[in-house]
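Here is a short note for a colleague opening this structure for the first time. Please keep the sequence and the model side by side while reading.

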Amino acid sequence: MAAAAISHLRRGAQRHALLYLSRRHFSSPSSLAAAAPLAAAARRLLSTSVESGTSSKAGSYKPPPLDPFRAALAPASPPLESPPLEEPPATPPLPEVASAAAGPEQDPVVLQNEQLEGLKAGLEAVRSREESPEEKEAWWLLNRAVVNYCGSAVGTVAANDPSTANHMLNYDQIFIRDFVPSAIAFLLRGESDIVKNFLLHTLQLQSWEKTVDCYSPGQGLMPASFKVRSVPLDGNNEAFEEVLDPDFGESAIGRVAPVDSGLWWIILLRAYGKITGDYALQERVDVQTGIRLILNLCLTDGFDMFPTLLVTDGSCMIDRRMGIHGHPLEIQALFYSALRCAREMVSTDDGSKNLIRVINNRLSALSFHIREYYWVDMKKINEIYRYKTEEYSHDAINKFNIYPEQIPSWLADWIPDKGGYLIGNLQPAHMDFRFFSLGNLWAIVSSLATQKQAEGILNLIETKWDDIVANMPLKICYPALEYEEWRIITGCDPKNTPWSYHNGGSWPTLLWQFTLACIKMGRPDLARRAVEAVEKRLSDDKWPEYYDTRTGRFIGKQSRLYQTWTIAGFLSSKMLLDCPEMASILICDEDLELLEGCACGLSNSARIKCSRRAARSQVLV
């Protein structure tokens, strides 16, 4: 079985490498010769070994009917390189601003080594810390959730609830988004093999055929989840082999592609490199190709006038109809974070210069757009309340033609005098004023929000603690959709009834992201308060997936018990609070250099607005 796993990974690595090389243009024999080592490198694969265990078995699985290698090289495949941009006109430099980072530049290699040494010391501190009885139980449960493929650990199941053993649905699969807190917990404990295996195996699945009703999405799409199955070997019912069976959304409820999977994969890849020092994994040809395929899928030109990603409902953690179609904050925050991480990891060569420029341009436009148009506080809401509509001009104030009557009745009394948040969605004539926890927290972690905005978000959470945290942290969104609004927006979804599941339910897995945001902003006291309040209750309640009611008092009516990312989120929060320096593997600091130049060119015309200059002015206020 180990040989089968190595063979599977080797074939996937060769596919990515050959796909990468097929898109390169070599104009001379010497350049062709230079490409030969890359092709050879693709055939080499680092093997990993983790304790073996059990895996799921089923006899109905059939391998994909189309060879994914041929599909990857099909003529319709999008190019790996982003389309070339016209050279921007010369732009006058922005005024110099004093910065705390000013001073002699440090060798990046030396700085990287120093950071790695600091993280190694943090790992030792994590290993030596005393664990509570609840933590010991959580670790036992997390290890029990590990799934093995051909003798190596490749992930954790979504839930391991014995009461639903005969009705698992897809909770026995390894979800990319669900595994991230598990991966962080394992990395913080120094157990990195399972994370490396996960990254490599999901990378190979990226090249598989993905079809719904004879239509295939883009090449860079990562699966929502995958499962290890045992199938007869060559039709022999006495011999079996293990195979990976991915779901790209073609089996999911609603048949929605997981937009966030590839973004989480890039974020986790960077965290793995920073904590282990294994940057060779990032530099592999197949990994570099995987990164670029995801970026191409996200950066492809379309009809949209905005730098935000346009997605359908149910394409992220909220994977059911909840009125988040369009430009939901959660996707934008993960998109920004993934672009920041990818920019650090993309190999530097002549072929990547244009890609880096495209990433920088998108980052600056995206940061300005979110900071300027998604942010609301008391002052901004009062401004919207006085908006004029139907403005037709280049310098309109109400750019999205928002009608003041859209301001919900609950908001005026709910928003505190000090503090604010990033709204859930923005489209023409539509603002979703609900507070979405994941998007706001990850905007802090990734520095998509400014320092002042990040402080405002945490101030709001502290002020509205009884609404957002209450008896069980944290509300996935606030407030819930009720009455006619629930019927129209959710389609009368019986699982998303008011104050349940995605509709205002309380999700303890969000603890680790709340902890990261609090550590970044120097407010670990808030995270510690939340963790200490629920530590014993989570264990007593058997680690549910989510909680119901306005204050999170009841275990969710359809909640699975022993939910893995509830367990892993709790463990990650505990370790991060005890060793806050380890949060650096996921945090991105503000990048002022990103705001220096601008591809749009500076102009006196009202038709052209420089988002980088505007974004920088927000940071420096």
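The points below cover a sheet, some helices and several salt bridges.

1. Status of the model. This is a predicted model. Please read every distance and angle below with that in mind.

2. The sheet. Three strands form an open sheet in the order β3-β4-β5, and their pairing is antiparallel. The strands β3 (174-175) and β5 (236-247) are at the edges. Each has a single partner strand, so one side of each has no neighbour in the sheet. As background, strands of a sheet pair through backbone hydrogen bonds, either parallel or antiparallel.

3. From β3 to β4. Strand β4 covers residues 225-233 and runs antiparallel to β3, with two bridges joining them. To find this pairing, start at F175, which stands opposite S225 in β4. Then look at I174, whose bridge partner in β4 is F226.

4. From β4 to β5. Here nine bridges join the two antiparallel strands. One pairing to look for is P232 with its bridge partner F240 in β5. The hairpin of β4 and β5 has two residues between the strands. In this hairpin, D234 takes a positive phi near 55 degrees.

5. Burial of β4. How many of the nine residues of β4 are buried? Seven are, so β4 is largely enclosed by the rest of the structure.

6. Helix α19. Nine of the 10 residues of α19 are buried, so the rest of the structure largely encloses this helix. The buried residues include L511, W512, F514 and I519. Polar residues are on the list too, among them Q513 and T515. Just after α19 comes G522, with a positive phi of about 70 degrees.

7. T289 in helix α10. T289 sits in α10, which spans residues 285-299. Is T289 buried or exposed? Its relative accessibility is 0%, so T289 counts as buried. A polar atom of the T289 side chain lies 2.8 Å from the backbone oxygen of V285.

8. Helices α15 and α16. Two packed helices are described by the angle between their axes and the distance between the axes. For α15 (residues 437-445) and α16, the axes come within 9 Å and cross at roughly 140 degrees. That angle makes α15 oblique to α16. The crossing of α15 past α16 is left-handed.

9. Salt bridges across the chain. The structure holds 21 salt bridges. One of them joins the side chains of D591 and R343, at 2.6 Å from N to O. D591 is in the loop between α21 (564-578) and α22 (611-619), while R343 is in helix α11 (residues 329-345), so the pair ties together parts 248 residues apart in sequence. At 15% relative accessibility, D591 counts as buried.

10. A buried pair. The side chains of D432 and R434 also meet in a salt bridge, at 2.7 Å from N to O. Both D432 and R434 are buried.

11. A bridge to α16. R523 and E462 meet through their side chains in a salt bridge of 3.2 Å, N to O. This pair links distant parts of the chain, 61 residues apart. R523 lies in the loop between α19 (511-520) and α20 (524-540), and E462 in helix α16 (residues 451-463). With 32% relative accessibility, E462 counts as partly exposed.

12. A shared network. Salt bridges with shared partners join R129, E135 and D578 into one network.

Notes
Residues numbered from 1 in each chain as written. Predicted model: local features only at pLDDT ≥ 70, side-chain atom pairs only at ≥ 80, totals over all residues. Heavy atoms only, no water. Salt bridge = Lys/Arg side-chain N within 4 Å of Asp/Glu carboxyl O. Helix = DSSP H or I, 4+ residues; strand = E, 2+ residues; numbered from the N terminus. Buried < 20%, exposed > 50% of the residue type's maximum accessible area, 1.4 Å probe, protein only. Pairing = 2+ DSSP bridges. Polar contact = N/O pair within 3.5 Å; in protein donor to acceptor, adjacent residues only side chain to side chain. Axes fitted to C-alpha atoms, helices over the stretch in contact; angles between N-to-C directions. Parallel < 35°, antiparallel > 145°, perpendicular 65-115°, else oblique. Left-handed = near helix turned anticlockwise from the far one by under 90°.
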